[in-house]
Amino acid sequence: MSLNQTLEEMKQQLIAHSPAEVQAAMFRSIREQMESGVQYGLQEGQKAKGFTLTNSLGIPVHLYDELAKGPVVLTFYRGGWCPYCNAQLRAYQKVLPEIQALGARLIAVSPQSPDNTLSHQEKEQLQFEVLSDTNGLVAAFYNILYDVPSYLQDIMMNLFKLDLAEYNATERWILPIPSTFMIDESGIIRSAYVNPDFMKRWEPEDILAELRKL
């Protein structure tokens with residue numbers, strides 16, 4: 001079963017078992033972003049924005065230091081609380097040996113706090129770099145950061161008991177649009193997947209196919 005088939009099954013479970021107000025809020029948010037007319041994300045052919053973020057052990061990771069070793073698959077996800085993100089990262093973990101065999105590195109970035117990043121990495125047994133972008137600055141560099149609308153904040157606080165600002169150790173309710181960028185050694189984005197529908201992600205096999213073109 002492909003990653004997006006798995007995510008579609010999860011979506012159908014959401015529809016079958018979640019309160020109508022939860023579904024309405026989530027699908028409203030997706031619809032508003034898709035119909036906004038905004039072109040999210042850096043595009044193919046653009047220079048990747050350099051950054052330094054700490055990993056789950058508090059060690060700084062520099063994008064261009066990693067690029068000096070080979071191509072980078074850079075993926076932004078919402079956080080360990082998001083089941084769709086967890087399914088994506090597990091699927092990417094499965095193909096990590098193939099990514100590495102092609103000379104590339106996988107780096108995942110979320111706005112969650114370093115403590116939550118560490119527990120998330122340990123829980124999911126992720127063996128690639130997982131970095132904390134707590135203020136969303138790097139997501140903003142890549143043009144994928146947005147403020148969570150108030151109606152979604154209410155749902156997350158009141159029904160899911162998730163205070164996203166606290167979880168991310170910041171003062172704002174911010175999230176990245178789930179995105180994955182394929183960056184070559186020269187720092188050029190060779191391909192990108194940016195989708196406001198957080199229930200869809202870039203397939204691992206498609207990532208491998210793109211890496212083989214480099």
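Residues are classed as buried under 20% relative accessible area, as exposed over 50%, and as partly exposed in between. In this predicted model, threonine 52 has a relative accessible area of 42% and is therefore partly exposed. Threonine 52 belongs to strand β1, which spans residues 52-55. Apart from residues up to four places away in sequence, threonine 52 touches Pro60, Val61 and His62. Glutamate 35 lies 17 residues from threonine 52 along the chain, and the C-alpha atoms of the two are separated by 33 Å.

Helix packing was examined for three pairs. Two packed helices are described by the angle between their axes and the distance between the axes. Helix α1 (residues 3-17) and helix α4 (residues 83-94) pack with their axes 10 Å apart, at an angle of about 160°. Angles over 145 degrees count as roughly antiparallel, so α1 is roughly antiparallel to α4. The crossing in which α1 passes α4 is right-handed. On the α1 side the contact is made by Leu3, Leu7, Met10, Lys11 and Leu14, and on the α4 side by Pro83, Tyr84, Ala87, Gln88, Ala91 and Tyr92. By residue class, the contact of α1 with α4 comprises 9 nonpolar residues, 1 polar and 1 charged.

Helix α1 also packs against α2. The axes of these two helices come within 8 Å and cross at roughly 135°, which makes α1 oblique to α2. Here α1 passes α2 in a left-handed crossing. Lys11, Leu14 and Ile15 of α1 meet Gln23, Met26 and Phe27 of α2. This contact of α1 with α2 divides into 4 nonpolar residues, 1 polar and 1 charged. Lys11 and Leu14 are listed for α1 in the contact with α4 and are listed again in the contact with α2.

The third pair consists of helix α2 (residues 20-34) and helix α8 (residues 150-158), whose axes come within 10 Å and cross at roughly 145°. The crossing of α2 and α8 is left-handed. Glu21, Val22, Ala25, Met26, Arg28, Ser29 and Glu32 form the α2 side of the contact, while Tyr151, Leu152 and Ile155 form the α8 side. The residues of this contact of α2 with α8 fall into 6 nonpolar, 1 polar and 3 charged.

Valine 22, a residue of helix α2, was considered individually. Its relative accessibility is 1%, and valine 22 therefore counts as buried. Valine 22 touches Ile155, Leu159 and Phe160 when residues up to four places away in sequence are not counted. Between valine 22 and tyrosine 151 the sequence separation is 129 residues, whereas the C-alpha to C-alpha distance is 9.8 Å.

In soluble globular proteins, nonpolar side chains tend to be buried together. The largest nonpolar core of the model has 66 residues, and those with the most contacts inside it are Leu74, Phe76, Tyr142 and Ile183. Helix α4 supplies the largest share of this core, with 6 residues. With residues up to four places away in sequence left aside, isoleucine 183 touches Ala48, Leu63, Leu67, Pro71, Val72, Leu74, Tyr142, Ile188 and Ile189. Leu74 and Tyr142, which are among the core residues with the most contacts, are thus also in contact with isoleucine 183.

Serine 179 is found in strand β8, which covers residues 179-183. Serine 179 has a relative accessible area of 2% and is therefore buried. Outside residues up to four places away in sequence, serine 179 touches Leu74, Thr75, Phe76, Ile144, Tyr193 and Val194. Serine 179 and tyrosine 77 are 102 residues apart in sequence, but their C-alpha atoms are 7.0 Å apart in space.

Two loop residues were noted for their backbone conformation. Most residues other than glycine have a negative phi. Glutamine 125, which is not a glycine, has a positive phi of about 55°. Glutamine 125 lies in the loop between α6 (114-124) and β5 (129-132) and is exposed, with a relative accessible area of 62%. Asparagine 143 likewise has a positive phi, near 60°. The loop that holds asparagine 143 runs between α7 (137-141) and β6 (145-147). At 35% relative accessibility, asparagine 143 counts as partly exposed.

Note on methods. Residues numbered from 1 in each chain as written. Predicted model: local features only at pLDDT ≥ 70, side-chain atom pairs only at ≥ 80, totals over all residues. Heavy atoms only, no water. Axes fitted to C-alpha atoms, helices over the stretch in contact; angles between N-to-C directions. Helix = DSSP H or I, 4+ residues; strand = E, 2+ residues; numbered from the N terminus. Parallel < 35°, antiparallel > 145°, perpendicular 65-115°, else oblique. Left-handed = near helix turned anticlockwise from the far one by under 90°. Contact = heavy atoms within 4.5 Å. Nonpolar A, V, L, I, M, F, W, Y, C, P; charged D, E, K, R; others polar. Core = buried A, V, L, I, M, F, W, Y, C linked by side-chain atoms within 4.5 Å. Buried < 20%, exposed > 50% of the residue type's maximum accessible area, 1.4 Å probe, protein only.
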